[in-house]
Amino acid sequence: MSSPARATPSQDSHPLQRTRRRLDVLTGVACALVVLAAVAAFLLGRPDASITEVHIADDAAVLDPTLIEEQISDLAVHRPTRVVVLTRDGEVSDNINEQTLAWARLNPDLDLLSDDGEKWKDGTLLITASVEANGEGGGPGSGQVGTYFGDDLAPGSTEAEQEIQSHGYEAFQQRDWNRGVTEIAEAAAEVMGRPFFARPLVIGIAAAVLLGLLLVNRWIVAHAVTGYSRNRRRLTDSAAEVDGLVGQTELIPDLGFGTRVKESARTTLHTYTDLLEKRDSIDATSLPSLHGLNLPLFTRMSRFDEGLDGLEADGAMLRTANVLYAREPGWESVWRSEVDDLRQDIRDAQVSKDIRERTDDPELLRELEAFCSRTLDRLDAIEAAGIGGGDEELDSGLTALTDLRGEFAGYMDRVRDSAFVGMDDDKESYISEAIEEQSVSRRRAGSLTGYYDSPGYLRPMAFGIGYATGLRNHRQAQEAAKNSSSSSSTAGYGSTGGGFSGAGSSSRF
């Protein structure tokens with residue numbers, strides 16, 4: 001019985017590794033193109049249209065109309081725009097949105113409203129400064145400022161409008177009304193009418209998302225290929241040993257447990273052959289298929305990893321079996337370890353406070369105690385018979401150990417079930433998961449009889465530690481924190497606005 005001959009390619013530069021290196025090059029090129037595209041979009045998205053008209057209505061007599069007109073006329077905008085500036089004497093109680101709309105309706109010659117009168121006219125920016133205090137007595141300037149836009153120029157949100165208005169707050173408070181109006185117009189010119197794709201924030205987010213996707217994809221692939229490369233080396237390292245171990249099992253006598261071992265050896269050969277086929281399938285992955293969303297590929301890699309774990313467990317079991325049946329040097333120590341593996345679990349069950357405190361079944365505890373006492377005596381006899389007897393005594397001892405392990409596993413399953421009686425599903429889920437993790441981590445590699453345990457074989461130590469860990473995890477999962485924040489601005493056109501829905505808002509300075 002031997003494994004099929006198969007040439008083993010270099011592990012340092014296998015086909016998938018070379019494909020991954022080509023992907024790295026393409027990822028670098030793609031990242032550079034994204035950056036260049038973002039820069040180009042930003043440059044192409046700069047405003048290049050002109051202000052078509054500036055109209056000043058300085059009812060509060062705080063502006064230099066000539067200066068304002070010169071400064072605003074020089075601005076570049078995304079779409080041709082007419083700018084109207086209104087200043088007025090105001091009161092703290094004023095709704096300047098409503099009063100600005102009333103002023104526009106009283107001045108139809110300015111053509112500030114749409115044909116249906118329900119919105120501001122396209123291509124129009126109206127800035128209103130309502131002056132409530134102009135530094136009389138040496139105090140700061142105060143009042144309200146509003147910005148109003150045709151639908152084709154609207155920034156898109158009240159928050160964006162308030163950000164534009166905020167550019168004039170400092171100048172207004174310093175009673176520099178000319179600078180305040182100009183700075184608001186400059187801020188509006190940067191954003192109003194700007195195409196969605198040309199906004200720096202949008203460009204930045206889009207570039208960041210694309211770069212992130214490219215780099216995350218590269219990381220996922222690199223991580224997966226690195227793990228696969230490591231497993232590929234494991235397969236190569238196991239190949240020669242598996243062949244020798246399987247061949248050695250031919251010398252094991254055809255007794256009860258020995259026959260079981262030889263059947264497992266044949267299964268090990270099939271496992272090895274299947275892993276070679278999986279390796280070849282993964283190696284054949286093409287460049288277009290090597291990406292972070294190829295779940296079938298990652299599933300094959302995961303199964304390859306799991307298959308290798310199984311192959312190594314098979315090898316450890318066969319190594320132990322060959323040492324025992326061939327009476328190789330040190331076999332007595334291996335035999336005692338085989339018996340001690342179950343003996344330690346039985347002793348742990350006898351002294352476990354977790355089993356006694358978590359199990360709500362006195363009859364089960366009495367049965368478990370009696371089984372443990374009875375089994376410890378029997379293990380002494382099995383150990384002595386294996387050391388002093390021949391192949392039949394060794395083989396029957398292994399069979400007996402396997403049966404006792406199965407019986408003990410049944411008791412531990414009942415202990416676990418009893419501990420969950422009356423427990424809510426959520427808590428049980430956390431505890432079950434933690435117990436399972438402990439069970440997997442505490443399985444002893446190389447145990448001959450332990451190899452044939454059910455996957456759910458529960459050790460007392462794993463039960464106690466897993467139960468406590470699950471409780472802690474469940475408590476931590478119940479904790480939560482909340483945060484909230486708020487901001488304010490004034491929108492709407494008051495009781496006289498009717499159905500007017502033009503874009504715009506105001507805020508205080």
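Start with helix α7, residues 200–248, and select L210, which lies in it. Helices here are DSSP runs of H or I with at least four residues, strands are runs of E with at least two, and both are numbered from the N terminus. The model is predicted: local features need pLDDT of at least 70, side-chain atom pairs count only at pLDDT 80 or more, and totals for chains, interfaces and linings use all residues. Residues are numbered from 1 along each chain as its sequence is written, and side-chain values use heavy atoms, with hydrogens and water left out.

L210 counts as partly exposed because its relative accessibility is 45%; buried means under 20% relative accessible area, exposed over 50%, and partly exposed in between (1.4 Å probe, protein chains only). Add L201, I205, V209 and L213 to the selection: with L210 they make a nonpolar surface patch of about 500 Å². Patch residues have over 30% relative accessible area and no salt bridge; like charges are joined within 9 Å, and nonpolar side chains (Val, Leu, Ile, Met, Phe, Trp, Tyr) within 5 Å. The areas come from the Shrake-Rupley method with a 1.4 Å probe, and for residues only the protein chains shown count as cover.

Next, the aromatic rings. A search of the whole structure finds nine aromatic pairs. Rings of Phe, Tyr and Trp (its six-membered ring) pair if their centres lie within 6.5 Å; planes under 30 degrees apart count as stacked, over 60 as edge-to-face, and the rest as tilted.

Select W120 and Y148, a tilted pair at 5.5 Å centre to centre with 45° between the planes. W120 sits in the loop between α3 (96–106) and β4 (124–134), while Y148 is in strand β5 (residues 141–149), so the pair links distant parts of the chain, 28 residues apart. Both W120 and Y148 are buried.

Move to F463 and Y467, another tilted pair, 5.9 Å centre to centre and 55° between the planes. They are separated by about one helical turn because they are four residues apart in helix α15 (residues 460–477). F463 is buried at 0% relative accessible area, and Y467 is buried at 7%.

Then select F371, F408, Y411 and Y457, which ring pairs link into a cluster. Add R405, which lies over the face of Y457 at 4.9 Å from the ring centre. A charge sits over a ring if NZ of Lys or CZ of Arg is within 6 Å of the ring centre and within 35 degrees of the ring normal. Elsewhere, R327 lies over the face of W331, 4.7 Å from the ring centre.

The last stop is charge pairing. The structure holds 27 salt bridges, each a side-chain nitrogen of Lys or Arg within 4 Å of a carboxyl oxygen of Asp or Glu. Select E383 and R336, whose closest N and O atoms are 3.6 Å apart. E383 lies in helix α12 (residues 362–388) and R336 in helix α10 (residues 331–351), so this salt bridge ties together parts that are 47 residues apart in sequence. R336 is partly exposed, at 37% relative accessible area.

Now select R343, which also forms a salt bridge with E383, the closest N and O atoms being 2.9 Å apart. Both E383 and R343 are buried. Finish by selecting R336, D340, R343, D380 and E383 together: salt bridges that share partners join them into one network.
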